[in-house]
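Trainee: Could you zoom in on one loop for me, and then work outwards from there? I'd like the cut-offs spelled out as you go.

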Amino acid sequence: MKILPISYKNNYYNHFNITNNSNIKNIQTRNTTVLPSFTGTEKILTPIEEIKLEADKFPKDAEYRKTLMANAGLDPNDYFKIRSIVGGEEIKKIMNSYNEVPQVYSVGNNDYNIKNNLMRANLHIHTTASDGFLTVQNLLDSAAVYADETAKKYPYAKQEPFTIAITDHDTTESAKNAIKIIANDPLKYRNLRVILGIEMTTYNDIATDIVNQPTNTHVLAYGIDPNEEVFNSFIKNTKNQKQAIEQKMVEEANKTYKKIYNADNFFSVEEAQKNYAPLKKGILGIYNYMTKHLETKSMVENVVLKDKKIKKILSEKNLPQNTDDFMNGLEEYFYTIDHNNKARNSEKAIAEYLAAKTEKPVDELNQMISTSAESTKFKTFKNELNNNLEQFKRTFKPSKYNYLPKFEDLYNSLEKQDDAIIGLAHPLDTVSKIEEHNDKYKFLSNLYEEFVRFTREKAKFSEVYYQSYTGATQDFDLYKFTNRFLDILSEKYELFKTGSADTHRLNIFKRF
């Protein structure tokens, strides 16, 4: 994981009104607030009265909370109970405050910023509603503990409270639940700020002279109302359209399998969804997940379980020797690695699973699978399958099946939500497969241009301070001009520079 460099050091500590070498002491916050009175007496506010006062600090956000409560089936007069949920007005204030202070989004060297409560925001977190390990209750409770610690350490510092954004892939279930959880216990979350959001999987025609297919572009939306009718319908329809395509892909695969292996109904949507949670949840792009499932099951049935050498190994280690049980073993193994169960190359996934169970080298198992006498016929099936499934891919030309949203589709779904703002998630990930640096810069320029063009007045931010880049993307990010280039693009389009860990596991400050 990338740790952001400690730059802007003086600005960072000045921002919090502390010094680098300060002895950080725990200072207990007061349980009450004292207000002056014109009559000479003082009015002491209880904690719940403090929350009520705070709830009206940003008038537009107060109206946003009333709408959230009403659409969630709760009493809008109790909008103060969800004061910790922030709307567009306060979100933009927070972003502006941190725009030139990247360290607030970073864990710091050796987790220094976490240990000293100087990490103040993680604006991209996933829960079990999509591909995370945290329930929304776990997330809110863990974040509230840290927020309370921060408030005790720095009760008078010029700083924003700890802020999180709930941004599950293509679903708002966690955001809906967060409203009710917070409303049920407002004092528990009083020191926390929560952004209700989503990370939408979109496919857009970016830099068509550089890449040969539409780009999978993840977009963040903050300050949403997850229960608003138009947006809620958009989310549901997108999921339904994806799952309708899953069925069509299975039908096409069964036709191909019948032709090559002369067997009926070998594949099913239900089994594919069991092996890959995104297919069941209708999140992310489904093409790769479905294709890999179809290839993997066929390889298990027609290569792995028919090769004498491999079957001997399975027998010796008491491993599954029928297709259904083997596929269940694969699913369980990879689920422990990541809840998303990434769409892995079939041959490598099988070899990795067998290596873990048999202690044989992965390379040796790969070689056994690829050179098996049964592999020739499988390759014929695989090639024909991929050719027949091409029709379900998103392409530059008008696609036969338009089931994946674009920038403008997300904008249209949120157009009536005045508090909602939209931003680019981890923009450098979009250029990880482009080799030439100059082409990467050209692509990013066109990406920002198209993003702003189609999301219009709601285009407000991009994740410049993203701490979870890896591999080729991280190497490019460290290139001397890259960070400044993202600064230039952000300034050009008047976008706030935000950051996150893109949390997927149990640590609310890190990705894994």
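Mentor: N262 sits in the loop between α8 and α9 (269–275); helices here are DSSP runs of H or I with at least four residues, strands are E runs of at least two, and both are numbered from the N terminus. Keep in mind that this is a predicted model, where local features need pLDDT of at least 70, side-chain atom pairs count only at pLDDT 80 or more, and totals for chains, interfaces and linings use all residues. Residues are numbered from 1 along each chain as its sequence is written, and side-chain values use heavy atoms, with hydrogens and water left out.

Back to the loop: N262 has a phi near 55°, which is a positive value in a residue other than glycine. With 60% relative accessibility, N262 counts as exposed (exposed is over 50% relative accessible area, buried is under 20%, partly exposed is in between, with a 1.4 Å probe and protein chains only). There's a second residue of this kind: R456 isn't a glycine either, yet its phi is positive at about 50°. You'll find R456 in the loop between α18 (437–455) and β8 (459–466), where its relative accessible area of 47% makes it partly exposed.

Now step back from N262 into the helix before its loop. T256 belongs to α8, which spans residues 229–261, and at 2% relative accessibility T256 is buried. Leaving aside residues up to four places away in sequence, T256 touches F381, E384, L385 and N388, a contact being heavy atoms within 4.5 Å.

E384 then turns up again, in a salt bridge whose other side chain is K259, at 2.7 Å from N to O. By salt bridge I mean a side-chain nitrogen of Lys or Arg within 4 Å of a carboxyl oxygen of Asp or Glu. K259 lies in α8 and E384 in α16 (residues 375–389), so this pair ties together parts that are 125 residues apart in sequence. The two ends don't get the same label: K259 is exposed at 59% relative accessibility, while E384 is partly exposed at 21%.

Across the whole structure, the search comes up with 25 salt bridges. One of them joins the side chains of E390 and K393 at 3.6 Å, N to O; E390 is partly exposed with a relative accessible area of 39%, and K393 is partly exposed too, with 28%. There's also a network, in which salt bridges with shared partners connect E54, R65, R83, E90 and R193. Another pair is E63 and K66, whose side chains meet at 3.2 Å, N to O. These two are three residues apart in α3 (residues 59–71), which puts about one helical turn between them. E63 is partly exposed at 45% relative accessibility, and K66 is partly exposed at 27%.

On to the strands. Seven of them make an open sheet with mixed pairing, in the order β3-β4-β5-β6-β7-β8-β9; two strands pair if DSSP finds at least two bridges between them. β3 (121–125) and β9 (496–500) are the edges: each has a single partner strand, so one side of each is left without a neighbour in the sheet. On average, neighbouring strands of this sheet are turned by 30° against each other, direction ignored (axes are lines fitted to C-alpha atoms, for helices over the stretch in contact, and angles run from 0 to 180 degrees between N-to-C directions).

Take a closer look at the β3 edge. Three bridges link β3 to β4 (residues 162–166), and the two run parallel. Within that pairing, N122 faces I164 in β4. Despite being an edge strand, β3 is mostly covered, with five of its five residues buried.

T503 is worth a look here, in the segment after β9. Its contacts, not counting residues up to four places away in sequence, include N122, H124 and I125. T503 is buried, with a relative accessible area of 0%.
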